[in-house]
Amino acid sequence: MVSKKIKAFLREFTPKHHWHVGTSRANDTFFCLKWHYKESPNQFFKKMYTPLGNSTTSSYFERWNKIRHNYRDRRATYIEQIPYSDFIVFDKVLKSIPNNYQLHLANSSTIRYTQLFQLDPSLKVFCNRGTSGIDGSTSTALGASVYGKSPTLLITGDLSFFYDSNALWNDHIRKDFRIVLINNAGGGIFRILPGRKDTETYERFFETKHELNASKLCEMFKIEYSAVFNEDELQRELINFYGQSDFPRLLEIHTPRQLNNKILTDYFHFIS
Ligand SMILES: Cc1ncc(C[n+]2csc(CCOP(=O)(O)OP(=O)(O)O)c2C)c(N)n1
């Protein structure tokens, strides 16, 4: 579970039961784990429903579904009124991904933003939470892409990308491999988390502010490179980004470092 808010909510309002369904380890995230069903969700639900046969009358689904729709509407309204920023970029990029792609998400704000949006169910999404390392996201995506039936897109932040740039030094990168690099000139996540952001110390040691871009790395590793700085350029670049190419492609999207966090935090106020 990525969202600390949801985790905290379910800890405070403890469920009567927590059943873990799945073959991997069952974490007692809400301190009320009752059962661990060691089978796939599909197997589990087949068994759950067949013997019961009849359904229960309840307003539970309607209640939450209404909240969900309301939330989606509010998000659409919010997007219409905000300026170019990480938030806008995620909206546009996630909508642009062709069906069936393998989607790899780096840490940290990449995965946090992505979970706010609706993804096409045909996408296979991979990310690494837990220790949430920013190291190895590119290596993992590249490795997985070699065996993927469909093409792979990696969405990554700048620090994560530059940290693991050596991943690009290998002979097996598929031509259809795509990277969207969201360059907000530092560790954007540290602007979102609480703390004083307007100090030199903060910018240097937490945010790691920088002025790097990926153009020379792409030249060195023979990756088609393009960069955008605003919404119009982004929309234009996305049109052909996934099309056939002789080389892998990287799209670097520059976003306003000092504005992104405000737009995200305002969003949470807006939708609540
Ligand atoms: C190996 C490792 N070192 C440090 C961290 C701490 N850390 C978490 S997020 C982050 C910054 C990530 O910045 P970026 O890749 O630009 O992504 P953004 O948050 O801007 O999306 C850092 C340094 C970590 N998770 N893993």
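**Exercise 1.** In which helix is Tyr49 found, and is Tyr49 buried or exposed?

*Solution.* The model is a predicted one, and the first step is to place the residue along the chain. Tyr49 is found in helix α2, which covers residues 41-52. The second step is to look at its relative accessible area, which is 55%. Since exposed means over 50%, Tyr49 counts as exposed. As a last step, one can relate Tyr49 to another residue: Tyr49 and Lys66 are 17 residues apart along the chain, and their C-alpha atoms are separated by 25 Å.

**Exercise 2.** State into which domains the chain is divided, and give the separation of their centres.

*Solution.* Begin with the bounds: domain 1 takes in residues 4-48, while domain 2 takes in residues 84-260. Then turn to the centres, taken over C-alpha atoms, which lie 31 Å from each other.

**Exercise 3.** Describe how helix α4 and helix α11 pack, starting from the angle and ending with the residues in contact.

*Solution.* First, note the two elements: α4 is made of residues 86-96 and α11 of residues 231-241, and they pack at an angle of about 15° with their axes 11 Å apart. Second, compare that angle with the cut-off, by which angles under 35 degrees count as roughly parallel; α4 and α11 are therefore roughly parallel to each other. Third, consider the handedness, for α4 passes α11 in a right-handed crossing. Fourth, list the residues that make the contact, which are Ile88, Val89, Lys92, Val93 and Ser96 on the side of α4, and Glu231, Leu234, Gln235 and Leu238 on the side of α11. Finally, sort these residues by class, which gives five nonpolar, two polar and two charged residues.

**Exercise 4.** Carry out the same kind of description for helix α3 and helix α12.

*Solution.* The residues of α3 are 60-81 and those of α12 are 260-271; the two helices pack at an angle of about 140°, and their axes are 10 Å apart. This angle makes α3 oblique to α12, because only angles over 145 degrees would count as roughly antiparallel. The crossing in which α3 passes α12 is right-handed. From α3, the residues Tyr71, Arg74, Arg75, Thr77, Tyr78 and Gln81 meet Ile263, Asp266, Tyr267, Phe270 and Ile271 of α12. Sorted by class, this contact has six nonpolar, two polar and three charged residues.

**Exercise 5.** Where is Asn99 found, and which residues does Asn99 touch, not counting residues up to four places away in sequence?

*Solution.* Asn99 is found in the loop between α4 and β3. Its relative accessibility is 49%, so Asn99 counts as partly exposed. When residues up to four places away in sequence are not counted, Asn99 touches Asp120, Ser122 and Leu123. Gln235, which takes part in the contact of α11 with α4, is 136 residues from Asn99 along the chain, and their C-alpha atoms are separated by 18 Å.

**Exercise 6.** Give the surroundings of Val146, beginning with the helix in which Val146 is found.

*Solution.* Val146 is found in helix α6, and with a relative accessible area of 35% it is partly exposed. Leaving out residues up to four places away in sequence, Val146 touches His172 and Arg174. Val146 and Phe268, by contrast, are 38 Å apart in space, C-alpha to C-alpha, and 122 residues apart in sequence.

**Exercise 7.** Explain why the backbone at Phe31, at Ser132 and between Asn107 and Ser108 deserves a note.

*Solution.* The starting point is a general one: most residues other than glycine have a negative phi, and most peptide bonds are trans. Phe31 is not a glycine, yet its phi is positive, at about 60°. Phe31 has its place in the loop between β1 (18-21) and β2 (33-37), and at 60% relative accessibility it counts as exposed. Ser132, also not a glycine, has a positive phi of about 55° and lies in the loop between β4 (124-127) and α6 (137-147). Lastly, the peptide bond from Asn107 to Ser108 is cis, with omega near 10°, and Ser108 has its place in the loop between β3 (102-105) and α5 (109-114).

Methods: Residues numbered from 1 in each chain as written. Predicted model: local features only at pLDDT ≥ 70, side-chain atom pairs only at ≥ 80, totals over all residues. Heavy atoms only, no water. Domains from an automatic or database assignment. Axes fitted to C-alpha atoms, helices over the stretch in contact; angles between N-to-C directions. Helix = DSSP H or I, 4+ residues; strand = E, 2+ residues; numbered from the N terminus. Parallel < 35°, antiparallel > 145°, perpendicular 65-115°, else oblique. Left-handed = near helix turned anticlockwise from the far one by under 90°. Contact = heavy atoms within 4.5 Å. Nonpolar A, V, L, I, M, F, W, Y, C, P; charged D, E, K, R; others polar. Buried < 20%, exposed > 50% of the residue type's maximum accessible area, 1.4 Å probe, protein only.
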